[in-house]
Number of protein chains: 2
Amino acid sequence: MATAADRPSRRADALSRERVVTAAVEILDAEGESGLTFRTLAKRLSTGAGAIYWHVQGKDELLAAAANTVIAVAIGGVRTRGKPAARLRAVALALFDAFEAHPWAGAQLARDPSRLAGARILEAVGGTLDALAVAPESQFAVASALADYIAGAAGLSAAHAAGPPGLDRTAFLEAAAQRWERLDPAEFPFVHRILRQVPDHDDREQFASGIDLILAGIEKRNSPRISPARPARA
Amino acid sequence: MATAADRPSRRADALSRERVVTAAVEILDAEGESGLTFRTLAKRLSTGAGAIYWHVQGKDELLAAAANTVIAVAIGGVRTRGKPAARLRAVALALFDAFEAHPWAGAQLARDPSRLAGARILEAVGGTLDALAVAPESQFAVASALADYIAGAAGLSAAHAAGPPGLDRTAFLEAAAQRWERLDPAEFPFVHRILRQVPDHDDREQFASGIDLILAGIEKRNSPRISPARPARA
DNA sequence: ACCTGAACACCGTTCAAGT
DNA sequence: ACCTGAACACCGTTCAAGT
């Protein structure tokens, strides 16, 4: 009677959706988005390209699942203790770090009509708003604003990584500064003014200060109006 | 002697980088990102696919140029008069409207290593900060936060349009709400709480309220601290 | 200098055939 | 039920040849 050991031509470990997505994440991290094809993925999984379609619907769904995975892991690792503002900062920075580690995921956010990854981000930031004393009727808008800001910063990480693969952050920032230096100073006065701050600024710190800016806006809304009265049309 | 009229086999109007990019924008608007290929573009321009390479470096540069064009047009149309906060709102809403009209441009932002379109957004929002009394040393950070927020919202517009091409906004929001309804309420309590607000909320209004939130944060930072003293470690 | 279009080396996806 | 891999219909890009 045939046992599993008698059939070595068949892979011992069965394929699964999880194994497919995990392998996709590994390729995306190592080779970037252009490195992931059904052929390279099939090769890594020691199977044929067609087998992958048994576990995922197609490449779009595969990319969405890969992004969803790394975002879920990032959010799952956040400690949920501490002061409200610190909790929100921790969620945001965990996502920032995830998008730095998996820059392809930032570009994917704008391409996922299912918005599952987007729902995770909304959930993670929205869950901190009660503790921040945001009124229930404002929470949807505030959470969306925070999620949009985080997604925008994620896109920047993606653009960083869209250059040559080996380029580190310092080299990228220097290259970007050089390109911006060539822009017409008459058309881009602000860009030229901040140009010298670009090469050595800390992206992560600047991202966190943006979260603090939104937090300050939340606090201002929560506190009673004590500023001088304005004209009614303001 | 041969004149121009003697050579009707040659197109009367010469190709140019501008004509190539304009045609690309038209195809992207009408057919979406998947509709733009060098073959469809060449056909529309009545030329061969290879001719396009004389005017642009390749598809990446073509997409970046297309996004840069629609963003430049949007920013160029903003009235620069009015109160500082209203000017910033006008810039932000002009960009929001541009990304609604050209959703492929939102997805492109995260894929452009040259960040020319990003520089335009940074310039447009940064140019309003003097009038908003933001300290010079804070302007880079504040402008980046605003640009990231706008880019994140642009990504949402792109995700909207990544679905079936004919899908209008109401249908898309209903579809998204239905998908989110199937998420585990134990894992996504916040998403379930806001679910009933999703189908009929106004994206544009919500986007504007996010700008107002950041504006409130700016104002709070500008004003002297009058809130009760906090522990030093806060 | 600018354009043409066939050719090249891919790619996502399908599907008849296997186990 | 799950896997295989050849085949199909593309795609971006190159390039010898034209004008």
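**Exercise 1. Classify the residues near DNA strand C, then find which come closest.**

Solution. The surface near DNA strand C divides into eight nonpolar, six polar and three charged residues. The classes are fixed: Ala, Val, Leu, Ile, Met, Phe, Trp, Tyr, Cys and Pro are nonpolar, Asp, Glu, Lys and Arg are charged, and the others, Gly among them, are polar. This is a predicted model: local features need pLDDT of at least 70, side-chain atom pairs need pLDDT 80 or more, and totals for chains, interfaces and linings use all residues. Residues count from 1 along each chain as its sequence is written, and chains are lettered from A and ligands numbered from 1 in the order written.

Next, proximity. DNA strand C is surrounded by 17 residues, the closest being Thr37(A), Gly50(A), Thr47(B), Gly48(B) and Gly50(B). "Near" requires a C-beta atom, placed from the backbone, within 6 Å of the strand.

**Exercise 2. Repeat this for DNA strand D.**

Solution. Of 17 residues around DNA strand D, Thr47(A), Gly48(A), Gly50(A), Thr37(B) and Gly50(B) come nearest. By class, the surface near DNA strand D has eight nonpolar, six polar and three charged residues.

**Exercise 3. State how chain B is laid on chain A.**

Solution. Turn chain B by 180° and shift it 0.0 Å along the axis; the RMSD is 0.0 Å. That is the relation of a two-fold axis. The fit is by least squares on C-alpha atoms of residues with pLDDT of at least 70 in both copies.

**Exercise 4. Describe the contact between the chains.**

Solution. Start with the counts: 55 residues come from chain B and 54 from chain A. Contact means C-beta atoms, placed from the backbone, within 7 Å. H7(B) gives the largest share of the chain B side, 16 residues. That side has 30 nonpolar, 16 polar and nine charged residues. Now compare the copies: 96% of the interface residues of chain B are also interface residues in chain A, so the copies meet through the same surface.

**Exercise 5. Work out how H1(A) and H3(A) pack.**

Solution. First place the helices, which are DSSP runs (H or I) of at least four residues, numbered from the N terminus. H1 spans residues 17–31 and H3 residues 59–76 of chain A. Their angle is about 85°, with axes 9 Å apart. H1(A) and H3(A) are therefore roughly perpendicular, a label for angles of 65 to 115 degrees. H1(A) contributes Val21(A), Ala24(A), Val25(A) and Leu28(A). H3(A) answers with Leu62(A), Ala65(A), Ala66(A), Thr69(A) and Val70(A). Eight of the contact residues are nonpolar, one is polar and none is charged.

Technical notes
Axes fitted to C-alpha atoms, helices over the stretch in contact; angles between N-to-C directions. Helix = DSSP H or I, 4+ residues; strand = E, 2+ residues; numbered from the N terminus. Parallel < 35°, antiparallel > 145°, perpendicular 65-115°, else oblique. Contact = placed C-beta atoms within 7 Å.
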